[in-house]
Amino acid sequence: MHLRGIRLENYRRFKWAELEFPDGIVGIIGNNGAGKSTLMEAIAWALFGTDASRTSKDQIKSIFARKADVCRVILDFEMNGDNFQVVRELKGTSLSVDASVIINKKVSARGNNAVNELIQKTLGMDLKAFMTSFYAKQRELNALSDFQPYKRKELLARMLGIETVDVALRNLRSDKRELELKLDFNRSQLKDKDELRAQKKEKTETLSLLKDKSKVTKEKFDSETSGLKEAEKIWEGLKLKYEEHFRLSQKRSITQTEKQSQKNQLKLQEEEQANLITLDSEEKKLEELLAPYEEIKKKVSLLDEQRIKAEHQKITQNQKKDAEASLTSDQRRLATLNKELEPKGDIEKNLKETKERLVSIEKELEEERNLYMRMEASSKSAKDENRKLESQLKHIEELGPDSVCDRCLRPMGSDYHNIRQHLLNEQNKLEERLQTIEKERERIKKKGQDLKKAKRELEAQKENLQKSSEKFSRLEGERQNLERNVKEKEKTLASLVEVLKNLGEVEYDPSHHERLRKESEGLEKLKQKSTEIVSQLKRLPQVEKKINELKEKILKLSREEKKIEEAIAKLRFSEEEYKNVEKSLAEKREFVHATELTLKDIKHQTEMVKKEIDQIEEEIKNTIQLEQDIKGWEEEQRYLEKLDLLFSDFRVSLIGRIRPTLSRYAKNLFLELCENRYEDFELDEDYEIYIYDQGEKFPIDRFSGGETDLANLCLRIAISLLISESSQVGFSFIILDEIFGSQDTLRKENILNALAQLKNRFRQIFLITHIDDIKDSVENLVYVTENQEGTSDLLLQ
Ligand SMILES: Nc1ncnc2c1ncn2[C@@H]1O[C@H](COP(=O)(O)OP(=O)(O)OP(=O)(O)O)[C@@H](O)[C@H]1O
Ligand SMILES: [Mg+2]
């Protein structure tokens, strides 16, 4: 099989791109995300559909496409001389999948499922095998070198298909374990058939015994039931008699109770009648005793009035006595007061005169005070004048007779003595005047002192007189009050005398009054009693009537009672007989019930035993069935045992066969690619790589990262070769996605050279890389580029 061409329409980044695949080593170059892996994925999608896509189907269609646009991949390839064209599409908004295969221009299959079936049949491999043999996915080499040993073994087993055998073996062993458990369990459930049969026999015998017992008990039950029916008939008759007897007894008892109650009432009424008759005679006696009742009552009432009058007279006499005493005392006091108040007029006159005298002295004192002030002023002015004269005289004397006058500025000469004499004379006059003033002052002072003394004496006198006047005023007030009181009391006394006069002579004997009052009280009580008796006696006719009624009723009830007695006697009911029959009936019922229960019990036991027999039969049947099943499972177990052995052997032989071939392929490639720098390459049972250096064997960890990658690439290509060998497709192309990773330039060249060596095995080798320095080393180049729209283009060079 080799690829001829591909067309991508609205497939992921590609809006429209076409490519004819050349032969030889084809470098597919482009930046990260340009769409290189997409191109190779499109090949797998065209062949195997959605399972080959890295995403769900709704993400396959280009985001640059319109809704109505179809997403489509058309792949042309050639196989065994036939030209194949596979078309795969996602249509409409629902992205419904469609596909077709055209072989040699003839439609060979239509529809998704038909196409998938045809492709798998034609290629002789499913998607997984295809991907393992033709397509080394990006990061797959990394996984091979980076995985832990057990994971790497798993990955390789998966790639080589050994994993399927492992899974089958695992399932087989799990089935085996399940079967073993089932067998163990069912064997433990197996029962002893003989023992079951013995049990059945025993139960069947019990069943026949129960049947016999049931027959006997049934006969007993029937005879007891007919006996019970007869007894019940007798009992019915007796019951009717009993009920009639009971009814009559009840009636008799009610009549007797009623009669007794009437008798009791009669007794009470008769007692009351006797009482009333006794009261009647008592009333007659009372009437005699009450003959003087009204007269005594009148006398007592009169005496009550007399007593009130007497008490009034006594109180008034006492009041009169008190009034007289009080009046006499007031009159005496009034006489004393009048005497005390006699000097009142003189005192008033004296006080008035003293006050007038005091006023005139005050006036005189004021005048003397003014005069004294004037004298003082005159004395002061005379003294001032004298001081002036003194100073003038002193000045003149100091100037002397030869001096010049200050005023007229003429020499003083003889004027000096004149002036001096004049000043001296003036001084003498002043002296005389001052003496006169002083004498007058002394006189005024003396008079003032006398006046002040007289004033003080008058003031003391005035105070005494005022005190006396006030005392007289108080006494005067008292006298006026007393005069008023005396008049009032005189009036009261007169009215009391009048009252006493009106009362006149009063005669009242308290002991007589008390005696009569007690007698009246006694009669009052008798009167009350008599009234009560009279009212009670009114009931007598009623009582007599009631007694007659009761007697009649009692007679009637006695007659009725007699009738009932006769009816009871006629019934001839025997209580003892009734009880005996009742007891025997209850016993019979008890027997029947007990027999019925026994019958039920036997029936229940019979059913139980039947069920047990059925169960034992079922168990025997089940045991036979289980024994057969166990035989079948044991056979199955032997068969699975054989299968396990076969599968284990098969797995060992598969691994035994695959591993040397794989190891050989990988070794040839590796030695070729590293130009025989190392002597040997080996794969152990766990697919761990060992390399011989200078005759010594080393695990791959000992070598460089690039050498490890190379060894893993060789192993990966060896796997591709191995898988494709087993299909009918044969070697034709291989896609290697980003395998250079850590390789240096020399190593890259070596890989490329090695790949060139593989040309006789693979017609087309697609090398996807974003490193463009390989472009000189490959025969063809496909550029995957991004255009201005953001979509990708393919360009073959
Ligand atoms: N339906 C789609 N429409 C448009 N673009 C998509 C769609 N699906 C995926 N892509 C984009 O296509 C680009 C191409 O992916 P691809 O794996 O082919 O890149 P690559 O060239 O292999 O890059 P690298 O060198 O990194 O592996 C990615 O950036 C992805 O986001
Ligand atoms: Mg990629």
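A salt bridge here is a side-chain nitrogen of Lys or Arg within 4 Å of a carboxyl oxygen of Asp or Glu. The structure above is a predicted model, in which local features need pLDDT of at least 70, side-chain atom pairs count only at pLDDT 80 or more, and totals for chains, interfaces and linings use all residues. Residues are numbered from 1 along each chain as its sequence is written, chains are lettered from A and ligands numbered from 1 in the order in which they are written, and side-chain values use heavy atoms, with hydrogens and water left out.

## Charged pairs

Let's start with the charges. Side chains of opposite charge can pair when their charged atoms come close. Over the whole structure, a search turns up 53 salt bridges. Three of the pairs are set out below.

| Basic residue | Acidic residue | N to O distance |
|---|---|---|
| lysine 259 | glutamate 561 | 2.9 Å |
| arginine 539 | glutamate 272 | 2.8 Å |
| arginine 369 | glutamate 366 | 2.9 Å |

Helices and strands are DSSP runs numbered from the N terminus (helices are H or I with at least four residues, strands are E with at least two). The salt bridge of lysine 259 with glutamate 561 links distant parts of the chain: lysine 259 belongs to helix α7 (residues 193-289) and glutamate 561 to helix α12 (residues 540-571), 302 residues apart. Are these two residues buried or exposed? Both lysine 259 and glutamate 561 are buried, where buried means under 20% relative accessible area, exposed over 50%, and partly exposed in between (1.4 Å probe, protein chains only).

Arginine 539 and glutamate 272 also meet in a salt bridge. Arginine 539 sits in the loop between α11 (510-537) and α12, while glutamate 272 is in helix α7, so this pair ties together parts that are 267 residues apart in sequence. Arginine 539 is partly exposed, at a relative accessible area of 35%, and glutamate 272 is partly exposed too, at 23%.

Arginine 369 and glutamate 366 are three residues apart in helix α9 (residues 344-399), and so about one helical turn separates them. Arginine 369 is partly exposed with a relative accessible area of 42%, and glutamate 366 is partly exposed with 39%. Elsewhere, a network of salt bridges links Arg7, Glu9, Arg72, Glu89, Lys91 and Asp98.

## Helices α8, α9 and α10

The expected span of a helix is 1.5 Å times one less than its number of residues. For α9, with 56 residues, that gives 82 Å, and the end C-alpha atoms agree, being 83 Å apart. Just after α9, glycine 400 adopts a positive phi of about 80 degrees.

Helix α8 (residues 293-340) has 48 residues that should span 70 Å; its end C-alpha atoms are 71 Å apart, which agrees. Its buried residues include Tyr293, Ile296, Gln313, Asp330, Leu334 and Leu337. Among the elements covering the buried residues of α8 are α10 and α11.

Arginine 479 is part of helix α10 (residues 415-503). At 19% relative accessibility, arginine 479 counts as buried. Neighbours within four places in sequence aside, arginine 479 is in contact (heavy atoms within 4.5 Å) with Leu334, Leu337, Asn338 and Leu341.

## A three-stranded sheet

How are the three strands of the open sheet ordered? The order is β9-β10-β11, with antiparallel pairing, and two strands pair if DSSP finds at least two bridges between them. At the edges stand β9 (680-683) and β11 (696-699), each with a single partner strand, so one side of each is left without a neighbour in the sheet. On average, neighbouring strands of this sheet are turned by 30 degrees against each other, direction ignored. Strand β10 (residues 689-693) is joined to β11 by four bridges, and aspartate 693 stands opposite glutamate 696 in β11.

Helix α13 (residues 575-673) packs on the sheet, where it touches β9 and β10, and its direction makes about 150 degrees with that of β9. Axes are lines fitted to C-alpha atoms, for helices over the stretch in contact, and angles run from 0 to 180 degrees between N-to-C directions.

## Alanine 754

Alanine 754 lies in helix α15 (residues 745-757) and counts as buried at 4% relative accessibility. Not counting residues up to four places away in sequence, alanine 754 touches Glu672 and Leu673.
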